[in-house]
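Student: I am new to this structure. Please show me how to read it, one feature at a time.

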Amino acid sequence: MSDYLMVASIDFGTTYSGYAFSLTTDFKRDPLLIHSNQTWNSGTAQLLSLKTPTCILLNSNRKTKSIGYEAESDYSRIKEEDNENQEDYYFFHRFKMILYDNQNLKHQKLKDVTGKTVVASEVFSKFIKALKGHLLTHFDETGKAIEPHEIRWVLTVPTIWTDASKQFMRECAHQAGIDDNKLVIALEPEAASIFCLFQENSRASNERRLLNRTGQKYMIIDLGGSSKCSTYPLSKGLTAILTAVKEGLQKYSETAYSRSGVNQMWILKHSKDLSVNLQS
């Protein structure tokens, strides 16, 4: 930690992506003092969102024009204006899961919304570079005297990914200008679990305080974009199923941390009873 002034983490999500960072001096005082971009732009509107859509718009020279909400707005405007050159643009979205269980990534290509192809590593690296650039620009605008070599980078990946997929992400980060010796590949659920372990008695609520009790069991449920249950409107049948699962789990748990109606963390208080019922 002494070699870096800051640790910055990039969350490359299936549907939404973002970043967060923590100064090493802040971490020593309070490990949970974590900063993130609070507002992403969507056209002229300011959205109170911690993440932006995982999409990227490239121009005819395959240079990055924009990402996220801005890319969606730019591409929509290009199509509405019936620009004769609109076919020269490349718009990619929800492309992360091409890495799932894919062993042949070196020459893997991605199709944009019009069917044009670009090598996958180029698209991934440009998106990572854009998020990295957005963070560095934020530092410049806020007057933070942080140089790129003073940052330790963390890139989160799903547990289900193969070693080939993890190596692919590392290589893409390198192409995006992140040195290998300054990059850590972290598993998403492990990062969430570490957060739980840093709950402090002095600032945690009674429910959250249970997380750092010795021997405490807790469950982490990640309903991300690839599960298709937190981003797009759900069918009535699927909504009913998820509601039943949620209500069933709550009978055996105490709500410990909640950011929305879907994303919640529960601490098991009757795990033996739950195990018996699941088996039956």
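**Reading the rings, helices and loops**

Tutor: Start with two rings: Phe95 and Phe127 are both buried. Buried means under 20% relative accessible area, exposed means over 50%, and partly exposed lies in between (1.4 Å probe, protein chains only).

Student: What kind of model is this, and how are residues numbered?

Tutor: This is a predicted model: local features need pLDDT of at least 70, side-chain atom pairs count only at pLDDT 80 or more, and totals for chains, interfaces and linings use all residues. Residues are numbered from 1 along each chain as its sequence is written, and side-chain values use heavy atoms, with hydrogens and water left out.

Student: How many helices and strands does the protein have?

Tutor: Helices (H or I, at least four residues) and strands (E, at least two) are DSSP runs, numbered from the N terminus. Here there are seven helices and 15 strands.

Student: What share of the residues is buried?

Tutor: Of the 280 residues in the protein, 38% are buried. Surface is counted too: accessible areas come from the Shrake-Rupley method with a 1.4 Å probe, and for residues only the protein chains shown count as cover. The protein exposes about 16000 Å², and carbon and sulfur atoms supply 50% of that area.

Student: How do I read contacts?

Tutor: Contact means heavy atoms within 4.5 Å. Take contacts between residues at least 6 apart in sequence: 58% of them join residues at least 24 apart. For a single case, go to Ser22 in strand S2. Ser22 has 11% relative accessibility, so it counts as buried. Beyond its neighbours within four places in sequence, Ser22 touches Leu5, Met6, Val7, Phe27 and Leu33.

Student: When do two rings form a pair?

Tutor: Rings of Phe, Tyr and Trp (its six-membered ring) pair if their centres lie within 6.5 Å; planes under 30 degrees apart count as stacked, over 60 as edge-to-face, and the rest as tilted. The structure holds eight aromatic pairs. One of them joins Phe21 and Phe139, with centres 5.2 Å apart and 90° between the planes, which is edge-to-face.

Student: Why does the pair of Phe21 and Phe139 tie together parts far apart in sequence?

Tutor: Phe21 is in strand S2 (residues 16-23) and Phe139 is in helix H3 (residues 120-142), so the pair ties together parts 118 residues apart in sequence. Phe21 and Phe139 are both buried.

Student: And the two rings you started with?

Tutor: The ring centres of Phe95 and Phe127 are 6.0 Å apart and the planes stand at 85°, so this pair is edge-to-face. Phe95 sits in the loop between strand S9 (90-93) and strand S10 (109-111), and Phe127 in helix H3, so the pair ties together parts 32 residues apart in sequence. Ring pairs also link Phe12, Phe95, Phe124, Phe127 and Phe168 into a cluster.

Student: Which charge lies over the face of Tyr90?

Tutor: The rule is this: NZ of Lys or CZ of Arg must be within 6 Å of the ring centre and within 35 degrees of the ring normal. Lys116 lies over the face of Tyr90, 5.0 Å from the ring centre.

Student: How do I check the length of a helix?

Tutor: The expected span is 1.5 Å times one less than the number of residues. Helix H4 (residues 163-175) has 13 residues and reaches 18 Å from first C-alpha to last, close to the 18 Å expected. Helix H2 (residues 68-80) also has 13 residues; its end C-alpha atoms are 19 Å apart, which agrees with the expected 18 Å.

Student: Which residues of H4 are buried?

Tutor: An α-helix has 3.6 residues a turn, so residues three or four places apart point the same way. In H4, the buried residues are Ser165, Phe168, Met169, Cys172 and Ala173. They cover an arc of only 135° around the axis (taken from the directions from the axis to the C-beta atoms), which puts them on the same side of H4. The buried residues of H4 pack against H3, strand S12 (151-157) and strand S13 (183-187).

Student: Where should I look for positive phi?

Tutor: Gly177 follows H4, with a positive phi near 100°. Arg62 has phi near 60°, positive in a residue other than glycine. Arg62 is in the loop between strand S7 (55-58) and strand S8 (64-67). Arg94 has phi near 50°, again positive in a residue other than glycine. Arg94 is in the loop between S9 and S10.
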